[in-house]
Amino acid sequence: MNISQHDNQGFWSSRLLFVLAVTGATVGLGNIWRFPYMVSEYGGGLFILVYLFFIALIGIPVLMAEIMLGRMGRHSPITGLRIIAEQNGLSRHWQNLGWMATIAGLLILSFYSVIAGWSIAFIFRMAAGVFDNVSAQGVSAIFGRLVGDPEKLLAWHTLFMMLVYVAVSRGLHAGLERTVKILMPALFLVLLLLLAYAIYSGHFTAGVQYMFSSPTEHLDSARGLGFAVLAAMGQAFFTLSLGAGAIMAYAAYLPRSVSIAGVAVTIVLLDTVIAITAGMIIFPLIFANDLGSVSFSNGLDARYGPGLVFQTLPLAFGQMPGGALFGSLFFVLLVLAAWTSAIALMEPSVAYLTERWAMKRRKAAKTISVIAWLIGLGTIFSFNIWSDYRPLSEIAIFSDKTTYHLLDFLASNILLPLSGLLIIFFAGWKLSWKTTEDELSMGKEYCGYAAWRIVARYITPLLLIIVFIYSLSKALGRLAFP
Ligand code: PHE
């Protein structure tokens, strides 16, 4: 059972490949679909500001802690945390933290694959010109026909899960590395092409201005400020792949020679720049077509919600020269980004099965794919046969949430930050100065290490707790005074 990842799979072939793989893990639906719609839903510039604040004070220190713990444990997060705890005379119950992160990752994978499936479907719909000169009603009808049909969603969900399975089952070099080596350069190229297209749309400034302005009325309306702050924190975790075991699992294959701080900052910068670029692509196209206040017949206000990329954007592309081509390219981008992220979501649980149950990688990947695929059915049905079903209808704040919404809320806004809190507590308080300083290899840069330690011990956990208490009290307040 104690075969180390080193014996199992070896190390990343280079520092660059590790950075590419982790960037692949962090850049995903979170950047291109979730971030832009949250910006429009929760109030533009203000949301971005809060989000950036969390990225800096929570994201970077937790990312460093996860890379450090992953490399120290050299196993899946579950086994790795147990080994680190034992080596440092701590309770082996710390492995439960690994469980929580791994389960959060599995839950996210389950709905991630469904949305990624929509994106594959949209590549073909865009390319076929289905959206050319279609009205807003037409677009919602097309979207509605897709999500309203469980069989279609099932087919795309299955296809996407198979793509993830193929990469993960081949292991570190033939699977993970080979995939990111091809997909990441393609992703950067497509991103730049689309940015150029958005700039030439002629409404670049208006779109960017909208993004950074603050439509605060949305903040106090539907969701409330407490939810907006919690959502910004959840998004910071989601987009950096924190608290889901993915980073720890990838760092298990990282050689000791690599300096963690440098890698972490590079990854955070890339992820943030790509999220903002995605907004700078999407919002100008929407403004170029004067869709600032379009409404959709299916009751989903697409500009403020998940429909942004799947309804408003196709409507915009449909009215533009070259829209079919660039529109399908946009969804290619989304699929590329989602694929490399989903691989990372699957890795922790697959690594665990190979160590704990001595399963062959292929079999482990098959097992996890099937489990995530099955849980994904809940998300699929949320959009059609269960669309009126509200599992927590008795609880006021959750009374309008479908199974999918609850899954996303539980995983992204609760489990990820909670794992993050425990991870930073473990790294900052439970492990000694010497152990962490050695592993972060910041011995020479005393100031850098001290800064990490202070932030990790005091600022990050405090901030996390404050946000939790604040949003909880706001939410409870809404319960009492609806
Ligand atoms: N970071 C990915 C995204 O932005 C999602 C993800 C979360 C991947 C957690 C791995 C672990 O889409």
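The following exercises, with worked solutions, concern a predicted model of a protein.

**Exercise 1. Confidence**

Determine what average pLDDT the protein has, and which stretch has a pLDDT below 50.

*Solution.* Begin with the whole protein: the average pLDDT is 90, and 91% of the residues score at least 70. Turn next to residues 1-7, where the pLDDT is below 50. This stretch has 19 contacts in the model beyond near neighbours in sequence. Where pLDDT is low, the predicted coordinates should not be read in detail.

**Exercise 2. The setting of Ser369**

Establish in which helix Ser369 is placed, whether Ser369 is buried or exposed, and which residues Ser369 contacts.

*Solution.* First, locate the residue: Ser369 belongs to helix 17, which spans residues 361-382. Second, consider accessibility. The relative accessibility of Ser369 is 8%, and the cut-off for a buried residue is under 20%; Ser369 therefore counts as buried. Third, examine the side chain, which reaches the backbone oxygen of Ala365 at 2.6 Å. Finally, set aside the neighbours within four places in sequence; Ser369 is then in contact with Met161, Tyr165 and Met346.

**Exercise 3. An aromatic pair between two helices**

Classify the pair formed by Phe111 and Tyr404, and state which parts of the protein the pair ties together.

*Solution.* The count of aromatic pairs comes to 36. For Phe111 and Tyr404, the centre-to-centre distance is 5.6 Å and the angle between the planes is 75°. Planes over 60 degrees apart count as edge-to-face, so this pair is edge-to-face. As to location, Phe111 lies in helix 6 (residues 95-127), whereas Tyr404 lies in helix 18 (residues 403-430). The pair therefore ties together parts that are 293 residues apart in sequence. On accessibility, Phe111 is buried at 2% relative accessibility, and Tyr404 is buried with a relative accessible area of 2%.

**Exercise 4. An aromatic pair within one helix**

Classify the ring pair of Tyr449 and Trp452, and explain why about one helical turn separates these residues.

*Solution.* The ring centres of Tyr449 and Trp452 are 6.0 Å apart and the planes meet at 35°, so the pair is tilted. Both residues lie in helix 20 (residues 446-480); because they are 3 residues apart there, about one helical turn separates them. Tyr449 and Trp452 are each buried.

**Exercise 5. Arginine over aromatic rings**

Identify which ring face Arg34 lies over, and which Arg356 lies over.

*Solution.* Arg34 is placed over the face of Phe238, at 4.3 Å from the ring centre. Arg356 is placed over the face of Trp357, at 4.9 Å from the ring centre.

Terms used: Residues are numbered from 1 along each chain as its sequence is written. This is a predicted model: local features need pLDDT of at least 70, side-chain atom pairs count only at pLDDT 80 or more; totals for chains, interfaces and linings use all residues. Side-chain values use heavy atoms; hydrogens and water are left out. pLDDT is the predictor's confidence in each residue, from 0 to 100. Contact means heavy atoms within 4.5 Å. Helices (H or I, at least four residues) and strands (E, at least two) are DSSP runs, numbered from the N terminus. Buried means under 20% relative accessible area, exposed over 50%, partly exposed in between (1.4 Å probe, protein chains only). A polar contact is a pair of N or O atoms within 3.5 Å; within protein, one must be able to donate a hydrogen and the other to accept it, and residues adjacent in sequence count only if both atoms are side-chain atoms. Rings of Phe, Tyr and Trp (its six-membered ring) pair if their centres lie within 6.5 Å; planes under 30 degrees apart count as stacked, over 60 as edge-to-face and the rest as tilted. A charge sits over a ring if NZ of Lys or CZ of Arg is within 6 Å of the ring centre and within 35 degrees of the ring normal.
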